[in-house]
Amino acid sequence: MENITELVHNRRSVRTFDGREINEDDRKKLALFMEKIENPYGIPVSFKFLDGKEHALSCPVVSGTDLYVGAKVPCVPHMEEAFGYSFEMFVLYAQSIGIGTVWIGGTMDRPAFERAMVLEQNERMPCVSPLGYPAGKRSVRENIMRKAIRADSRNPFETIFFDSTFDVPLTKEKAGRLAEVLEMVRLAPSAVNKQPWRVLVDKNGVHFYQKRAKGFVSEAVGDMQKVDLGIALCHFALAAKENDIDICFNVNEPGIKAENGMEYIASYLFPRQ
């Protein structure tokens, strides 16, 4: 994928589609891309097209398409982060060829989707997405939903990024060449727009933490906010690559003092001088 910055700035969740089936060429592109998606955890995430009519799939917030994409991941440590990273790779690629998507984790007939995915006992399917060409105008229901979750709102830069310690906010000016990369993290989607990531930048690298909120963990899907952290990690990695910033993925606790309620997730380390 190219122009990650442009894709992230322009992406909008799509729940209202124009009714056209995805043409054969676009569907083939999506199929080829989903086969080669990887994540830094090395955990396999398996994608599958789901026909809504064939499997009697329902999602009350979606209209104008019967095609979905689902993905499943084995129940292993870091499965949620790996899922979020991989699924966001697919979402951004779909946008790059004009296909609309929206992350759906709750407003669906989950048992029907899990049957269609042929989900095994040791697997989880945190989210799915409809696929189609966006309608020219959003439905009234979609507009109401977007307003309810403040879909176009994001936390200020200085409230989610920190300079060497969680006591010191990081400004865009101080972030320097990382500023645009971190902005791609700030703009990442998350469940009900909670933005549960807190990111500390020091001389060694960029360290991602989860600021947990209640109500996002269940046996059926795992920790949805860790899925969100996977999305944020994906945005950072893709934007860093686009900006020629050399980084190395790492999951070793860096020994940074964090606030209560924060959990270390992963780091992108700078090369040692």
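An axis here is a line fitted to the C-alpha atoms of a helix over the stretch in contact, and an angle runs from 0 to 180 degrees between N-to-C directions. Keep that in mind while looking at this predicted model. Two packed helices are described by the angle between their axes and the distance between the axes.

**Two helices that meet α10**

Let's start with helix α10, residues 224–242. Helix α4 (residues 79–96) has an axis that comes within 7 Å of the α10 axis, and the two cross at roughly 55°. That angle makes α4 oblique to α10. On the α4 side, the contact uses E80, E81, F83, G84, Y85, E88, M89 and L92. On the α10 side you'll find K226, V227, G230, I231, L233, C234, H235, A237 and L238. Sorted by class, this contact of α4 with α10 has 10 nonpolar, three polar and four charged residues.

Now for helix α9, residues 179–186, which packs against α10 at an angle of about 150° with the axes 8 Å apart. So α9 is roughly antiparallel to α10, because angles over 145 degrees count that way. In this contact, V181, L182, M184 and V185 of α9 meet A232, H235, F236, A239 and A240 of α10. Those residues split into eight nonpolar, one polar and no charged.

Here are the two pairs again:

| Helix pair | Angle | Axis distance | Crossing |
|---|---|---|---|
| α4 and α10 | roughly 55° | within 7 Å | right-handed |
| α9 and α10 | about 150° | 8 Å | right-handed |

**How covered is α9?**

How many of the eight residues of α9 are buried? Seven are, so to speak of α9 as mostly covered is fair, given that buried means under 20% relative accessible area. The buried ones are A179, V181, L182, E183, M184, V185 and R186.

**The sheet next to α9**

There's also an open sheet of five strands, with mixed pairing and the order β5-β6-β7-β11-β10. Which strands stand at its edges? They are β5 (161–163) and β10 (248–250); each has a single partner strand, so one side of each is left without a neighbour in the sheet. From one strand to the next, the twist averages 25°.

Strands of a sheet pair through backbone hydrogen bonds, either parallel or antiparallel. Strand β6 (residues 197–201) and strand β7 (residues 205–211) run antiparallel and are joined by five bridges. Look for V201, which stands opposite V206 in β7.

Finally, α9 packs on this sheet, where it touches β5, β6 and β7. The direction of α9 makes about 165° with that of β6.

Terms used. Residues numbered from 1 in each chain as written. Predicted model: local features only at pLDDT ≥ 70, side-chain atom pairs only at ≥ 80, totals over all residues. Heavy atoms only, no water. Helix = DSSP H or I, 4+ residues; strand = E, 2+ residues; numbered from the N terminus. Parallel < 35°, antiparallel > 145°, perpendicular 65-115°, else oblique. Left-handed = near helix turned anticlockwise from the far one by under 90°. Contact = heavy atoms within 4.5 Å. Nonpolar A, V, L, I, M, F, W, Y, C, P; charged D, E, K, R; others polar. Buried < 20%, exposed > 50% of the residue type's maximum accessible area, 1.4 Å probe, protein only. Pairing = 2+ DSSP bridges.
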